[in-house]
Amino acid sequence: MRENTKNIGVLHKVGKTLHELAEFIFNPWLNSTSVHPLERRLQLLERRVYQGMLDKEESQDLVMHDLQQQIDCLQESTNSRLENIIRADS
């Protein structure tokens, strides 16, 4: 008798959990008023992520451009030093 009561309690909890899960899954379709704000929020988040990716690409391009300028400057400096060394030895 005691085990039957425990089993019934467990089954009741499982049934309640399944009902809550089904409600969570199907509620947006049943309650369309909550779907539209979620769609708008999702679109806003997608735009922010996309904009963040664009901003990151732009900043990476700037960094690459700055690095290229530094490399060019160092290369010119090295070339002029080497030319000065060659002239001094001649």
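# A tour of a two-helix chain

Glu57 is partly exposed, because its relative accessible area of 44% lies between the 20% and 50% cut-offs. Select Glu57 to begin. The model on screen is a predicted one.

**Around Glu57**

Glu57 sits in helix H2. Now add Asp55, Glu58 and Asp61 to the selection. Together with Glu57, these residues form a negative surface patch.

**The whole chain**

Zoom out and color by secondary structure. The protein chain has two helices and zero strands. Helix H1 covers residues 2-30. Helix H2 covers residues 32-89.

Next, switch on the surface. The protein chain exposes about 8900 Å². Carbon and sulfur atoms supply 61% of that area. How much of the chain counts as buried? The share is 0% of the 90 residues.

**Along helix H1**

Go to Leu18, which lies in helix H1. Is Leu18 buried or exposed? Leu18 counts as exposed, because its relative accessibility of 53% is over the 50% cut-off.

Keep Leu18 and add Val14, Leu21, Phe24, Ile25 and Phe26. These six names make a nonpolar surface patch with Leu18 among them. The patch measures about 620 Å² by computation. Color these side chains apart from the negative patch of Asp55, Glu57, Glu58 and Asp61.

**The salt bridge in helix H2**

Move along helix H2 to Glu83 and Arg87. Show both side chains. Side chains of opposite charge can pair when their charged atoms come close. Here the side chains of Arg87 and Glu83 meet in a salt bridge, at 3.7 Å from N to O. The structure holds one salt bridge.

Why are Arg87 and Glu83 separated by about one helical turn? The two are four residues apart in helix H2, so about one turn lies between them.

Now compare the partners on the surface. Arg87 is exposed, because its relative accessible area of 58% is over 50%. Glu83 is partly exposed, because its 43% falls between 20% and 50%.

**Last view**

Show three selections together. One is the nonpolar patch that includes Leu18. Another is the negative patch that includes Glu57. The remaining one is the salt bridge of Arg87 and Glu83.

Key. Residues numbered from 1 in each chain as written. Predicted model: local features only at pLDDT ≥ 70, side-chain atom pairs only at ≥ 80, totals over all residues. Heavy atoms only, no water. Patch = residues over 30% accessible without salt bridge, like charges linked within 9 Å, V, L, I, M, F, W, Y side chains within 5 Å. Areas by Shrake-Rupley, 256 points an atom, 1.4 Å probe, with all protein chains shown as cover. Salt bridge = Lys/Arg side-chain N within 4 Å of Asp/Glu carboxyl O. Buried < 20%, exposed > 50% of the residue type's maximum accessible area, 1.4 Å probe, protein only. Lys, Arg positive; Asp, Glu negative; His and termini not counted. Charge placed at Lys NZ, Arg CZ, Asp CG, Glu CD.
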